[in-house]
Amino acid sequence: MMGSTSDNVIMEIERVPILRFTEEGKSEVEAIVTNESPLTIILNGQELVTLLCSPTGLEYLAVGFLFSEGLVNGKDEIKEIMVDERRGVVQVATEKGEQSGEPAFNRLIASSGGKGLYSYHATDAQSRAKVESQIGISPQQVFALVDEFVHRSQVFKATGGVHSAALCDTQQILVFTEDIGRHNAIDRVFGQCFLSDIPTDDRLIITSGRVSSEILLKVAKKKIPIIISKSAPTNLGVRLAADLGIT
């Protein structure tokens, strides 16, 4: 069972003593920092990867990661999910009982999440159909959603040390997540949608992180037509968005 929002915030932060230096001198104070923990994902009995992440909602992150990597394509493929929060382990068993492709076992992925198990390339877009959608959104609706998005981020307000991501329609935020990694935050959104049967068609993604090619391809895989970010895109992110019909 998932804990409350306040419980999750408590798990994701820690108070530490620090020396603070200012023009007036130094002082001993207590600072709030975000927690970072390893999450090991075991797929069908084989250790697949260890992610460095925030320590809550581990099943959402694990399933979202497996979906993004193409190792799980539908909820009906999952036979069992076992979560050991104390050890930071999620075990996923699928009906097939085997991985697609050649998994890179025991790989550690840093919180920046720059690469998954399999590298993303511009050529990935060539085999991906354009995102078809009639959804429209006004600038005023974008500003309103981003304003709500910013005010939702309790851990960021406390620490400044996490990224946020959200699935929205044009009126409201439907799923909101935080993680020390921007890739992890988006995988958490998709993991929650995946396990809770939340549709992503004609929805949009808001992210606090930059929109690189990998982020763009994650979103394209869910056929989401619009990405909103507080940060900048990369040149390849822009090109892929144009190729795939994503705003």
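This briefing describes strands, helices, salt bridges and selected residue contacts in the structure above. The model is a predicted one. Two strand arrangements are covered: the pairing of β3 with its neighbours β4 and β6, and an open sheet of 4 strands in the order β9-β8-β10-β11. The structure holds 6 salt bridges, and those between E30 and R15, E148 and R152, and R188 and D179 are among them.

**Strand β3 and its partners**

- Strand β3 comprises residues 37–43 and is mostly covered, as 5 of its 7 residues are buried.
- On one pairing, β3 runs antiparallel to strand β4 (residues 46–53), and 7 bridges join the two.
- The connection between β3 and β4 is a hairpin with 2 residues between the strands. In this turn, N44 has a positive phi of about 50 degrees.
- Strand β6 (residues 89–94) runs parallel to β3 and is joined to it by 4 bridges.
- Residue I41 takes part in both pairings: its bridge partner in β4 is V49, and in β6 it stands opposite V90.
- In general, strands of a sheet pair through backbone hydrogen bonds, in either a parallel or an antiparallel manner.

**The open sheet β9-β8-β10-β11**

- The 4 strands of this open sheet show mixed pairing.
- The edges are occupied by β9 (173–179) and β11 (226–229). Each of these has a single partner strand, so one side of each is left without a neighbour in the sheet.
- Neighbouring strands of the sheet are turned against each other by 15 degrees on average, with direction ignored.
- Strand β8 (residues 163–168) runs antiparallel to β9, and 6 bridges join them. Within this pairing, S164 has E178 of β9 as its bridge partner.
- Helix α3 lies across β8, β9, β10 and β11, and runs at about 45 degrees to β9.

**Helix α5 and the loop that follows**

- Helix α5 covers residues 182–196, which is 15 residues. At 1.5 Å a residue the helix should span 21 Å, and its end C-alpha atoms are 21 Å apart, so the expected and modelled values agree.
- Of the 15 residues of α5, 13 are buried, and the helix is therefore largely enclosed by the rest of the structure.
- The residue that follows α5 is D197, which has a positive phi near 55 degrees.
- T200 lies in the loop between α5 and β10 (204–207). With a relative accessibility of 7%, T200 counts as buried.
- Leaving aside neighbours within four places in sequence, T200 is in contact with L167, C193, K222 and I224.

**Salt bridges**

- R188 and D179 meet through their side chains in a salt bridge, at 2.7 Å from N to O. R188 is buried, because its relative accessible area of 4% falls under 20%. D179 likewise counts as buried, at 0% relative accessibility.
- E148 and R152 also form a salt bridge through their side chains, at 3.0 Å from N to O. The two residues lie in helix α3 (residues 139–152), 4 residues apart, which is about one turn of the helix.
- E148 is partly exposed, with a relative accessible area of 28%. R152 counts as partly exposed at 33% relative accessibility.
- E30 forms a salt bridge with R15, and the closest N and O atoms of this pair are 3.8 Å apart. The pair links distant parts of the chain: E30 belongs to strand β2 (residues 25–34) and R15 to strand β1 (residues 13–22), with the two 15 residues apart. Both E30 and R15 are exposed.

**S213 in helix α6**

- S213 is found in helix α6 (residues 213–221). At 13% relative accessibility, S213 counts as buried.
- Not counting residues up to four places away in sequence, S213 touches T234, L236, G237 and L240.
- S213 and V238 are 25 residues apart along the chain, and their C-alpha atoms are separated by 8.0 Å.

Key
Residues numbered from 1 in each chain as written. Predicted model: local features only at pLDDT ≥ 70, side-chain atom pairs only at ≥ 80, totals over all residues. Heavy atoms only, no water. Expected span 1.5 Å × (residues − 1). Buried < 20%, exposed > 50% of the residue type's maximum accessible area, 1.4 Å probe, protein only. Pairing = 2+ DSSP bridges. Salt bridge = Lys/Arg side-chain N within 4 Å of Asp/Glu carboxyl O. Contact = heavy atoms within 4.5 Å. Axes fitted to C-alpha atoms, helices over the stretch in contact; angles between N-to-C directions.
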